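Subject: Structure handover and findings

Hello,

Here is the structure for your work. The findings follow below it.

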Amino acid sequence: MVITKFFKNFLKNQSAGGIILIICTILSLLLANSALGEIYDSIWLTNVFNHSFAHWINDGLMAIFFLLIGLELKREIFVGELSNIKKAILPIFAALGGMLVPAFIFFMINKGSETVNGFGIPMATDIAFAVAIITMLGKRVPLSLKVFLTALAVIDDLGAIVVIALFYPNPELPLDFTQFGIALAILLGLFVLNKVKVKNIIPYIIGGIAVWWFMLHSGIHATIAGVLVAFTIPFDKDNSKSLSAKMEHILHLPVAFVILPLFALANTAITIDGGSLNHFSIPLASGIFLGLVIGKPIGITLFSFIAVKLGLCELPTAVNFKRVFGVGILAGIGFTMSIFVSMLAFSDENYINEAKLMILIASLVAATLGFFILKILLTIKQDYLD
């Protein structure tokens, strides 16, 4: 398997970014539950141009994060693991299982309750955290297993984006077809620029900001604009110096070390006390926990098994179903996307905080279990596992 230098750098950035996210989350929880809690909360509520600082992070900076996801997905489709349909089928099936089974578990537990709208929460995988954990296992991890996890997480992100677009419109605005139509018209213009081979980054930046602005006021969540704009950026299969590749390279560091840490600091400031626990919703908590910790590995392994047994694809070298199950446990690290969906799913702050807290607990459990189970599995020779 030929792995590009770019992909290796990508893994390094993702693992380092995941470690930074862990540190920021711990710091945020400590500050929120300290004597400085009120001051810390007030920072994110600071009014900036008629919106809170946290709002600009969640609806503004996170659009750049989604732009990067779109660029990564585009690269995977053109030259990566998703460029070959035979190779793409396995992570696609795995991702589908990793989304549908957790959502089903959550739905069945919360059916008939006011928290049922949170079904999208356990569907997501945090690629930065997951790659950070698997990287901690060192050289014993086959590169094919890392590639499988990365491709799975990228497709998972795409699935989460589709779910957000279809089921979680902007709760503060009704759908405005005029604004949405203008956003689509600008996107069409950007596609035309791509087709006529305009490779100057300026019109794409200006057009991208305009798409984000009109999407923000259309009732569709503005961060979706980032993914859509990514697919208008010129990409050359034979040239790693294409505009799309350059933008992806430029965005990796600020997203990993500025945007996602800010998102973690702003959205994990959860106060844990007797009062907050009195509102604890058992269906919501158990739906998230079981969806991420149990549903993810079962769904990923089951759907991968079905795809292989149907002859649609083959397992990569040095990968078996036990190792797929281990990766599936790591995929239960929801964090960024899960927290993002929880804020769209509920308007009640109690439910949002409960969801965030359970996402953190479930992600911690998934990370710990995944690390130790994979560590054990990777010390056993492949021959004995087949």
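Is H221 buried or exposed? The model is a predicted one, and in it H221 has a relative accessible area of 4%, so the residue counts as buried under the 20% cut-off. H221 is not part of a helix run here: its place is in the loop that joins α8 (201-216) and α9 (224-230). Leaving out residues up to four places away in sequence, the contacts of H221 are N58, D59, I164, Y168, N170, M215, F340 and L344. For a distance along the chain, take G118: 103 residues separate it from H221, and the two C-alpha atoms are 16 Å apart.

Helix packing

Three helix pairs are described here, two of them involving α10. Two packed helices are described by the angle between their axes and the distance between the axes.

The pair α10 (residues 243-267) and α14 (residues 335-345) packs at about 50 degrees, and the axes are 11 Å apart. An angle under 35 degrees would be roughly parallel and one of 65 to 115 roughly perpendicular, so α10 and α14 are oblique to each other. Their crossing is left-handed. On the α10 side the contact is made by L260, F263, A264 and N267, and on the α14 side by F335, T336, I339, F340 and M343. By class, these residues of the α10 and α14 contact are 7 nonpolar and 2 polar, with no charged residue. F340 of α14 also appears in the list of residues that touch H221.

The second pair with α10 brings in α3 (residues 53-78): the axes of α3 and α10 come within 9 Å and cross at roughly 145 degrees. The crossing of α3 and α10 is left-handed. The contact of α3 with α10 holds 17 nonpolar, 4 polar and 4 charged residues.

The third pair is α4 (residues 85-110) with α12 (residues 282-309), at an angle of about 145 degrees and with axes 6 Å apart. The crossing of α4 and α12 is right-handed. Sorted by class, the contact of α4 with α12 has 20 nonpolar, 9 polar and 1 charged residues.

F303 gives a residue-level view of α12, the helix in which it lies. Apart from neighbours within four places in sequence, F303 is in contact with F93, L96, G97, L100 and V101. F303 and P91 are 212 residues apart along the chain, while their C-alpha atoms are separated by 9.5 Å.

I186 and S242

I186 belongs to helix α7 (residues 177-195). With neighbours within four places in sequence set aside, I186 is in contact with G207, A210, V211 and F214. The C-alpha atoms of I186 and V229 are 9.6 Å apart, and the two residues are 43 apart in sequence.

S242 sits in the loop between α9 and α10. The relative accessibility of S242 is 6%, so it counts as buried. Not counting residues up to four places away in sequence, S242 touches P234, F235 and D236.

Backbone angles

Most residues other than glycine have a negative phi, and most peptide bonds are trans. Two residues to look at in that respect are N50 and K197, each with a positive phi.

N50 is not a glycine, yet its phi is about 70 degrees. The residue is in the loop between β1 (47-48) and β2 (51-52). With a relative accessible area of 68%, which is over the 50% cut-off, N50 is therefore exposed.

K197, also other than glycine, has a phi near 65 degrees. Its place is in the loop between α7 and α8. K197 has a relative accessible area of 65%, so it is exposed as well.

Cysteines

How many disulfides does a search of the whole structure find? The search returns 0. A disulfide is a covalent bond between the sulfur atoms of two cysteines. As for individual cysteines, C24 has a relative accessible area of 11% and is therefore buried. C313, at 3%, is buried too.

Regards

Terms used: Residues numbered from 1 in each chain as written. Predicted model: local features only at pLDDT ≥ 70, side-chain atom pairs only at ≥ 80, totals over all residues. Heavy atoms only, no water. Axes fitted to C-alpha atoms, helices over the stretch in contact; angles between N-to-C directions. Helix = DSSP H or I, 4+ residues; strand = E, 2+ residues; numbered from the N terminus. Parallel < 35°, antiparallel > 145°, perpendicular 65-115°, else oblique. Left-handed = near helix turned anticlockwise from the far one by under 90°. Contact = heavy atoms within 4.5 Å. Nonpolar A, V, L, I, M, F, W, Y, C, P; charged D, E, K, R; others polar. Buried < 20%, exposed > 50% of the residue type's maximum accessible area, 1.4 Å probe, protein only. Disulfide = S-S within 2.5 Å.
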